[in-house]
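Let's walk through this model together, starting with how the protein chains meet and then turning to the DNA. Please keep the view open as you read.

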Number of protein chains: 2
Amino acid sequence: MATIDDVSKRAGVSRSTVSRVVADNGYVSDEKRRAIQKAIAELGYRPNTLAQALRSNRSNMIGAVVVDVGTPYFANMVYGLQRATRKAGKALMVSSGYADQDEEARAIIELVDRSCDGILLYLERPLRADVVEIIRAAHIPVVMIGRMGCEVARGSVQLDNFGGARDAVGFLLEQGHRRIVHLSGQADFGDTAARLEGIGAALAAHGMDMADIKVVNGEFSQEFGYSATMALLDEGHDFTAIFAGDDDMAAGVLLALRHAGKSVPQDVSVIGFDDAFHARHLWPPLTTIRQPVDEIGETAANLLLKLLGEPGSAMLQNTIGTSLVVRDSVGPASH
Amino acid sequence: MATIDDVSKRAGVSRSTVSRVVADNGYVSDEKRRAIQKAIAELGYRPNTLAQALRSNRSNMIGAVVVDVGTPYFANMVYGLQRATRKAGKALMVSSGYADQDEEARAIIELVDRSCDGILLYLERPLRADVVEIIRAAHIPVVMIGRMGCEVARGSVQLDNFGGARDAVGFLLEQGHRRIVHLSGQADFGDTAARLEGIGAALAAHGMDMADIKVVNGEFSQEFGYSATMALLDEGHDFTAIFAGDDDMAAGVLLALRHAGKSVPQDVSVIGFDDAFHARHLWPPLTTIRQPVDEIGETAANLLLKLLGEPGSAMLQNTIGTSLVVRDSVGPASH
DNA sequence: GGACATTATGGGATCGATCTCACATGGGAG
DNA sequence: CTCCCATGTGAGATCGATCCCATAATGTCC
């Protein structure tokens with residue numbers, strides 16, 4: 001591997017001058033510039049990123065920790081991150097935190113130690129105190145994605161859970177549904193609260209309130225969607241539509257309805273949330289609220305890049321809107 | 001951030017001795033070791049990874065380029081990579097090549113420049129000549145995943161396409177199917193050839209040969225699955241089972257059959273390949289050949305780690321087996 | 001008791017870049 | 001004719017570690 005010294009010798013100049021050409025700053029005569037560029041091309045010289053980073057204290061690398069890269073949801077988010085960072089000419093390094101505080105801490109510290117210029121976090125657990133201290137000591141800007149806040153964050157990007165839930169229920173109401181069930185996620189998630197407010201807003205717009213909807217708390221899983229639906233049917237609950245907290249739940253709901261001999265959307269309408277990868281593969285194809293996950297990632301990364309550009313700036317916030325994806329699982333209310 | 005010099009001053013020893021304690025090699029008296037460990041703890045010292053890598057020429061970082069991290073398939077593969085590298089205490093840096101030769105080249109060069117100790121590649125295009133030279137000059141071991149070979153590779157991991165296809169068709173034959181259609185991927189893929197051989201083996205085991213199966217070449221997409229099936233039905237082709245080249249195709253096949261009023265598996269059986277994320281969400285849930293993608297990634301990473309341990313070793317090969325996942329889309333042949 | 005290995009420690013070069021500073025030109029303003 | 005500023009170049013310190021080598025103390029063997 002050719003070094004900057006090899007280039008300088010070949011071009012008959014000093015290291016400093018080569019550095020100026022490579023970094024494109026300072027004064028260099030056209031004559032020497034050409035000689036240096038020629039030498040660079042002939043030797044196939046590419047600067048050693050490690051040495052650059054060590055000396056200049058900037059690695060041109062962005063770190064990210066998400067819950068699990070192996071999951072379609074976060075893979076999609078990483079796609080967005082990569083799109084933004086690549087455009088800015090920065091490398092991206094991603095780790096998984098696996099919803100475990102110590103794993104998350106380990107991943108973050110690794111990124112700090114590798115001298116990332118900035119860090120993006122989608123966490124499931126609050127940051128460990130020592131990690132907060134480490135980030136702070138390293139003066140690394142942090143942008144949080146999603147529900148979890150954090151004291152060191154200089155920016156954050158969130159989904160418009162309020163608007164999404166409002167639109168979902170609003171759509172059902174427009175289709176004439178009045179007996180709606182909402183299968184909700186864990187009650188202690190910040191998202192859940194925002195969605196309930198959104199549901200309230202939709203109901204209010206039709207002269208109704210939360211008393212007019214049944215909310216069942218559970219968890220984001222197909223199993224819960226299935227069992228909750230079966231329980232509702234067993235107890236003879238009278239509903240014409242279900243708003244599932246996410247598309248996994250919705251998949252369980254559809255399965256339960258089929259097993260119970262109900263047809264969708266003739267007997268019951270179902271709407272999901274996320275527009276997950278499998279939503280269009282369900283039967284019937286799922287009407288759902290699209291969460292632009294890649295856009296969330298891209299926005300967060302751009303926000304971080306902005307923060308890197310102007311160090312002293314204030315806290316930056318950003319909310320990403322949802323959209324209604326109409327497929328076949330919602331129809332007009334029967335009778 | 002505390003440096004090794006801070007630690008050495010605080011503990012009253014030289015840099016060298018601190019380095020010995022941190023790296024846990026060479027001779028250090030218990031007394032000084034304790035003093036140094038105390039100083040490290042008090043200062044919260046963590047070695048600067050960049051400086052370590054620069055001097056020692058080992059970054060403890062593994063690079064990987066896959067087609068697209070944003071895709072469930074490769075996300076799953078990355079999950080496997082991460083599992084192996086993390087266990088070995090190495091960091092992982094992943095990029096997408098987006099099935100474009102120049103993008104792939106860019107991503108690889110980036111990884112080389114960041115001084116990765118080894119590189120894992122799942123490529124769609126042959127390596128550009130200059131990239132081959134760069135990798136060779138940097139003496140970085142490379143492991144290839146999947147179909148694409150490469151002259152610099154020191155190891156490779158592949159799926160057992162032969163066995164997978166043999167098992168798929170074998171299963172259909174056992175269920176009594178004799179009029180089978182295979183929707184195949186691009187004919188120029190290495191995978192496709194291996195699968196055709198596997199199909200031949202299954203047929204041979206039942207005293208049949210390739211003349212007894214209809215093969216339609218196309219591409220791995222839901223759209224092709226749909227249109228090909230419709231075409232077969234339109235021309236009145238008489239078949240009882242379809243073996244789709246992947247689960248996306250299979251989704252299209254199921255949709256086409258439903259639109260044509262055929263029921264699965266009563267009228268037609270369908271088997272897929274991959275066990276993709278959405279396979280169990282299809283209706284009926286798809287019987288398919290499971291491709292253990294994460295295991296492929298994990299195996300490849302372990303192979304690379306082994307290569308790093310013993311530099312002079314020979315070319316390492318590895319084939320990952322498939323398994324049959326029985327769900328509901330295949331039934332006994334009718335009449 | 002001298003030769004030699006083992007244990008223990010520090011000094012200083014080194015990895016490959018950046019960056020500050022000193023210094024040398026040349027041209028335009030006063 | 002100075003003075004000063006813009007332009008152009010190189011020497012050498014520096015980033016934070018590793019690693020080779022010199023040196024010294026101690027123990028062991030013949």
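**Where the chains meet**

Between chain A and chain B, about 4,400 Å² of area is buried, and carbon and sulfur atoms give 56% of it; buried area here is the accessible area (1.4 Å probe) that two parts lose on being put together, summed over both. Leu50(A), Arg86(A) and Arg114(A) supply 16% of what chain A buries against chain B, more than any other three residues. The contact (heavy atoms within 4.5 Å) takes 48 residues from chain A and 48 residues from chain B.

Before going on, a word on the ground rules. This is a predicted model, in which local features need pLDDT of at least 70 and side-chain atom pairs count only at pLDDT 80 or more, while totals for chains, interfaces and linings use all residues. Residues are numbered from 1 along each chain as its sequence is written, chains are lettered from A and ligands numbered from 1 in the order in which they are written, and side-chain values use heavy atoms, with hydrogens and water left out.

Now look at the polar side of the interface. Four salt bridges cross between chain A and chain B, each being a side-chain nitrogen of Lys or Arg within 4 Å of a carboxyl oxygen of Asp or Glu. In one that you can find easily by name, Arg86(A) pairs with Glu103(B), with the closest N and O atoms 2.7 Å apart. The count of residue pairs in polar contact between the two chains is 20 (both at pLDDT 80 or more); a polar contact is a pair of N or O atoms within 3.5 Å, where within protein one must be able to donate a hydrogen and the other to accept it, and residues adjacent in sequence count only if both atoms are side-chain atoms.

**Turning to the DNA**

Which residues come nearest to DNA strand D? Of the 25 residues around the strand (a heavy atom within 4 Å), they are Tyr27(A), Arg55(A), Ile4(B), Ser19(B) and Asn48(B). Sugar and phosphate account for 58% of the atoms of DNA strand D that come within 4 Å of the protein.

The bases are approached too. A polar side-chain atom of Arg55(A) lies 2.5 Å from a base oxygen of DNA strand D. Ser16(A) has a side-chain N or O atom 2.8 Å from a base nitrogen of DNA strand D, and for Ser16(B) the corresponding distance to a base nitrogen is 3.5 Å.
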